[in-house]
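Subject: Structure handover

Hello,

Here is the structure I said I would pass on. Please have a look at it before reading my notes.

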Amino acid sequence: MRDGASGQSVSQIRRDLAAAYRLIALEGMDDGIYTHISARLPSGPGGEQRFLLNPYGLRFDEVTAANLVTVDETGAVIDDPYGAGVNAAGFTIHSAVHMARHDAACVLHTHTVAGVAVSSNKEGLLPLNQWSAQFYDRIAFHDYEGIALNLEERARIVADLGDKSVMLLRNHGTLLLGRSVAEAVKLALNLERSCKAQVAALGMGLTPVVLSHDVAEHTAGQYQSMYDSFENKGKSDPEWAAQLRRLEVSAPGYLG
Ligand SMILES: [Zn+2]
């Protein structure tokens, strides 16, 4: 994943992160008050790292641009307009990834039924369709070790992730890194569709047609070029604009 030069303002990052929570909720990809989406903010006045996270205890459909909490790399609160703090333990995986991957503007973690199902199979995600082909040979894996994330496991997660942007957490869920919040959300939505389609296809009891290496790799490259055009070349992103318009109708309070 190449560095993104988002150049976004803090208010744009707050808007996009609130939109990310609402879109994941609209798609039914949230898990109560668990899992998180974090976004990197520009460094503070002393060069300190700062991130945005959801307030502790709120559902994803209650997150707004105004109530997002600013934390440092340890999860310590810097600014908390809502006053409920954050789930610092839930931020540990995010902080580890943010510290290791400065190219990641956003880290998005989900527990969806389809994502957990695919992550629980040794074969992982198969190139069975256009959605999943974009992830071909681009997925990292991390074996489940229990809920507690100690420092040693954080190091293993970062090592397992390497330079990839998509990781299947075995028996647990998914982890996406985006050069922008928009990119992380688009990857998450496409990975979810991929997993749902795989669960459906393999559940039919017939023989699935798996795309060849050449076709899957070619398709993944096409997707990569499209993603790069938005992140590296500053091209306007009609897909993200459409998603924000969707929220104006479906979640008009998300800016808060
Ligand atoms: Zn989790």
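The notes below cover the salt bridges and then the metal site.

This is a predicted model, in which local features need pLDDT of at least 70 and side-chain atom pairs count only at pLDDT 80 or more, while totals for chains, interfaces and linings use all residues. Residues are numbered from 1 along each chain as its sequence is written, and side-chain values use heavy atoms, with hydrogens and water left out.

Salt bridges

Side chains of opposite charge can pair when their charged atoms come close. The term salt bridge is used here for a side-chain nitrogen of Lys or Arg within 4 Å of a carboxyl oxygen of Asp or Glu. The structure holds 10 of these salt bridges.

One of them joins R138 and E217, with 2.9 Å from N to O. R138 sits in the loop between α4 (130-133) and β6 (139-142), and E217 belongs to helix α7 (residues 213-231), so this salt bridge ties together parts that are 79 residues apart in sequence. Helices (H or I, at least four residues) and strands (E, at least two) are DSSP runs, numbered from the N terminus. For accessibility, buried means under 20% relative accessible area, exposed means over 50%, and partly exposed is in between (1.4 Å probe, protein chains only). R138 is partly exposed at 22%, and E217 is partly exposed at 28%.

Another salt bridge is formed by K186 and D237, at 2.6 Å from N to O. This pair also links distant parts of the chain: K186 is in helix α6 (residues 181-202) and D237 in the loop between α7 and α8 (238-250), 51 residues apart. K186 is buried, with a relative accessible area of 4%, and D237 counts as buried at 16%.

R15 pairs with D16, and their closest N and O atoms are 3.0 Å apart. Here R15 is partly exposed at 26%, whereas D16 is buried at 2%. There is also a network of salt bridges that links R59, D61 and E62.

Zinc site

Which residues supply the protein donors of the zinc ion? They are H109, H111 and H172, each through NE2, at 2.0 to 2.1 Å from the ion. Donors are N, O and S atoms within 2.8 Å of the metal (3.2 Å for Na, K and Ca); water is not among the atoms, so sites may look incomplete. The spacing of the donor residues in sequence is H-x1-H-x60-H. H109 is buried at 7% relative accessible area, while H111 is partly exposed at 24%.

Regards
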